Structures are given as structure tokens and as C-alpha cells.
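The following questions and answers concern a structure supplied as a sequence and a set of coordinates. Each answer proceeds by short reasoning to the value or name requested.

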Amino acid sequence: MSGHIVSKKLYILIFAALIALTALTTGVAYVDLGKWNTVAALAIALAKASLVTLFFMHLRWSSGLMRMVLVAAFVWFAILVTLTLADEFTRQWTPVPSSWEAQIQQTVR
Amino acid sequence: MWVFLATEVMFFGGLFTAYVLYRNFYFPAFEAGSRLLDIKIGAFNTAVLLCSSLTMALAVRAAQLGKKRFLITFLLLTLLLGATFVAVKFGLEWRHDYLEGFAPGANWTFHGPDWRHVELFFCFYFFLTGVHALHMLIGIGILTVLIVMAVRGRFSPERYNAIEVSGLYWHFVDIVWIFLYPLLYLIGGRY
């Protein structure tokens with residue numbers, strides 16, 4: 001077995017970047033950016049995950065097959081989320097008849 | 001291992017999707033629930049887990065170079081950091097949530113606005129972090145076996161597949177937490 005040997009310095013650099021990004025995402029949570037808070041949090045998480053897969057998990061030096069497995073996993077995950085949310089956002093809910101609402105309120109209590 | 005990790009992406013992916021869906025249904029309650037979590041513990045545990053990923057990567061490197069003593073040291077460090085994460089999670093954070101009355105079914109005393117949906121948020125919180133902690137415990141088990149094998153001198157620069165593959169698993173569990181931390185602790189906003 002002969003994998004690519006990464007220098008200690010690069011590992012520590014990646015680690016420092018990961019810690020910095022954690023500090024950044026935590027800091028951003030304290031600033032009101034409206035919708036962009038969620039976008040920023042997810043973008044930073046994605047950046048961190050990419051650093052871990054590319055360097056710690058050696059994907060940068062791996063064969064195309066390995067990369068394809070990971071990309072396939074994320075594509076399927078994207079399909080899952082997109083279709084679920086597309087269904088959810090375009091569905092018209094049937095309104096609950098007003099006579100039922102009182103009953104529902106009672107059972108909830 | 002990569003194919004197994006792909007199935008794991010789908011497993012956690014399903015849970016994440018369910019979480020996102022309910023977060024959209026009951027947005028204010030999920031934001032309120034998120035604010036009830038202790039961000040300091042979350043951030044601390046994130047740092048601990050990132051450290052453990054670094055030591056795991058260094059352990060793989062030590063195995064590649066055939067440095068037995070470094071290999072054992074880094075595996076032990078990874079195990080200790082992983083154990084710290086789980087101890088903080090169960091011993092400090094879950095205990096705190098339970099005592100504060102944020103444990104659905106077991107001890108729920110929070111009756112603020114829309115509390116039923118805050119309870120739902122906490123169901124997600126306990127399930128997601130619980131499943132993640134279970135993965136950590138499995139990882140700790142794997143590390144224990146690796147340390148024993150390393151001490152017995154089972155690894156060499158030609159034969160370190162088990163360490164490489166376990167490393168992949170460990171980093172994957174780290175990545176799951178990288179997404180869980182913002183999703184659970186941060187996107188409720190702290191301002």
C-alpha cells in the first residue's frame with residue numbers, strides 16, 4: 001500500500017483553517033443578517049466539510065472512483081432534499097373545517 | 001469504506017431533510033428551541049472533534065511512515081478526544097438539558113409560547129446528537145482495537161489499510177458534526 005504522504009505542516013494549516021471557520025460561523029450567529037444567517041452557516045459548514053474530505057481524507061490525491069462515490073452520495077442527497085422541499089412548498093393544504101378546530105384544540109390540551 | 005460512507009450520507013441525509021422540513025413548518029418554535037441550547041458547549045465540542053480529526057490524520061501519517069510510537073500516541077490522543085466529546089455531550093450537555101426540563105417524555109417543564117413545537121425541536125436534537133454520539137462510541141471501539149493491534153506491531157508502511165479506513169470513518173463522523181453544529185445551535189440566531 002502506498003498512499004500519498006501529506007506534510008505535517010499542511011495538516012496543521014488545515015486544522016487552523018477549520019478552527020478559524022468554526023470561530024467565524026459562531027461569530028456570524030450573533031449578527032442579524034436575516035435569511036443570510038442560514039446561508040452563511042451552511043456555506044461555512046460546506047467549506048469545512050470540503051477541507052476535511054480533500055485533505056484529512058486524502059480525496060485530493062485519491063482516484064476518480066473514490067471521488068465519484070462521494071459526489072454520487074451528495075447528488076442523491078441533493079435529489080432527496082430538493083424533491084421533498086419542492087413537494088412541500090408547492091402543496092396546497094386543505095383547510096381544516098372550523099368545526100374541527102375546537103376539537104383539535106381540545107385534544108392537544 | 002467510501003461506499004459505506006455514501007450509505008451513511010443517505011442515513012443522516014434523511015434525518016437532516018426531516019429536520020429542515022419541520023423547521024420550515026414551525027420556524028419560530030425551532031428558532032426558540034435552538035436558542036435554548038448552550039452554544040459554548042457546542043463550540044467547545046466542535047473544537048474537540050476537529051482536534052481529534054487532526055490527530056487521526058497524523059496517526060495515518062505515522063502509520064504510512066512506519067513510526068510505531070507516534071502511531072500509538074496519536075491513536076490514543078484521538079481516542080481521548082473522542083471520549084471527551086462523548087463525555088461532554090452526555091455528562092454535561094444532556095444532563096443540563098434534562099435538569100432544565102428540556103427532555104421530551106422524560107422531563108419537560110418548558111411551557112413558553114408554542115412549547116409543543118419547541119418539544120419537537122428537542123426530539124430532533126436528542127435523536128440527531130444521540131445517533132451521532134452512537135457513531136462516536138463505535139469509533140472509540142474501533143480505535144481501541146487499532147491501538148491493541150498497533151501495540152502488537154500489526155502495522156507497517158506496507159500494511160496499514162485498517163488505520164486508513166478507520167480514519168475515513170472518523171473524519172466522516174466529524175463532518176456530520178460539522179453540519180449538526182450550525183443546524184442545531186447556530187441558525188436560530190443569537191442576536
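Helices are DSSP runs of H or I of at least four residues, numbered from the N terminus. The model discussed here is a predicted one.

Q: In which helix of chain B does B:Glu93 lie?
A: The helix in question covers residues 68-100 of chain B, and B:Glu93 falls in that range. The helix is therefore, by numbering from the N terminus, the one labelled α4.

Q: Is B:Glu93 buried, partly exposed or exposed?
A: A residue needs 20 or more other C-beta atoms within 10 Å to be buried, and 12 or fewer to be exposed. B:Glu93 has 18 such atoms within 10 Å, so its class is partly exposed.

Q: What distance separates the C-alpha atoms of B:Glu93 and B:Asp38?
A: Leaving aside neighbours within four places in sequence, B:Glu93 is in contact with B:Ile41, B:Val88 and B:Asp38. Along the chain, B:Glu93 and B:Asp38 are 55 residues apart. Their C-alpha atoms are nevertheless separated by 7.7 Å.

Q: What share of the contacts in chain B with a separation of 6 or more comes from residues 24 or more positions apart?
A: Chain B holds six helices and two strands, in the order α-α-α-α-β-β-α-α. Its C-alpha atoms fill a box of roughly 60 × 30 × 30 Å along the principal axes. Among its contacts with a separation of 6 or more, the share from residues 24 or more positions apart is 79%.

Q: Why does the end-to-end distance of α6(B) agree with its number of residues?
A: Helix α6 of chain B comprises the 26 residues 161-186. At 1.5 Å a residue the helix should span 38 Å, and the agreement follows because its end C-alpha atoms are apart by 37 Å.

Q: At which residue does the kink in α6(B) lie?
A: The bend amounts to about 25 degrees. The proline B:Pro182 comes shortly after the kink, which is located at B:Leu180.

Q: How many of the 26 residues of α6(B) are buried?
A: The helix is largely enclosed by the rest of the structure. That description rests on the count of its buried residues, so the number asked for is 21.

Q: Which residue with a positive phi follows α5(B)?
A: The helix α5(B) has 37 residues and reaches 53 Å from its first C-alpha to its last, close to the 54 Å expected at 1.5 Å a residue. After the helix comes a glycine with phi near 75 degrees, namely B:Gly153.

Q: Is B:Asp114 buried, partly exposed or exposed?
A: B:Asp114 is not a glycine, yet has a positive phi of about 55 degrees. It is found in the loop between β2 (107-108) and α5 (115-151) of chain B. With 14 C-beta neighbours inside 10 Å, B:Asp114 counts as partly exposed.

Q: Is A:His58 buried, partly exposed or exposed?
A: A:His58 has a positive phi of about 60 degrees although it is not a glycine, and its place is the loop between α2 and α3 of chain A. The cut-off for burial is 20 or more other C-beta atoms within 10 Å. A:His58 has 20 C-beta neighbours inside 10 Å and therefore counts as buried.

Q: What is the radius of gyration of chain A?
A: Chain A has four helices and zero strands, and its C-alpha trace spans about 70 × 35 × 25 Å along the principal axes. Buried residues make up 17% of its 109 residues. A compact globule of 109 residues would have a radius of gyration near 13 Å, but the value for chain A is 22 Å.

Q: What distance separates the centres of the two domains of chain A?
A: The domain assignment gives domain 1 as residues 1-62 and domain 2 as residues 63-109. Taken over C-alpha atoms, the centres of domain 1 and domain 2 of chain A are separated by 28 Å.

Q: Which element gives the most to the side of chain A that touches chain B?
A: In total, 37 residues of chain A are in contact with 40 residues of chain B. The elements giving two or more residues to this side of chain A are α1 (8-28), α2 (36-56) and α3 (64-90). By class, the side has 27 nonpolar, seven polar and three charged residues. With twelve residues, the element that gives the most is α3(A).

Conventions:
Residues are numbered from 1 along each chain as its sequence is written. Chains are lettered from A and ligands numbered from 1 in the order in which they are written. This is a predicted model: local features need pLDDT of at least 70, side-chain atom pairs count only at pLDDT 80 or more; totals for chains, interfaces and linings use all residues. Two residues are in contact if their C-beta atoms, placed from the backbone, lie within 7 Å. Ala, Val, Leu, Ile, Met, Phe, Trp, Tyr, Cys and Pro count as nonpolar, Asp, Glu, Lys and Arg as charged, and the others, Gly among them, as polar. The expected span of a helix is 1.5 Å times one less than its number of residues. The bend at a residue is the angle between axes fitted to the seven residues ending there and the seven starting there. Domain bounds come from an automatic or database domain assignment. The radius of gyration is taken over C-alpha atoms; the globule rule is 2.2 Å times the number of residues to the power 0.38.
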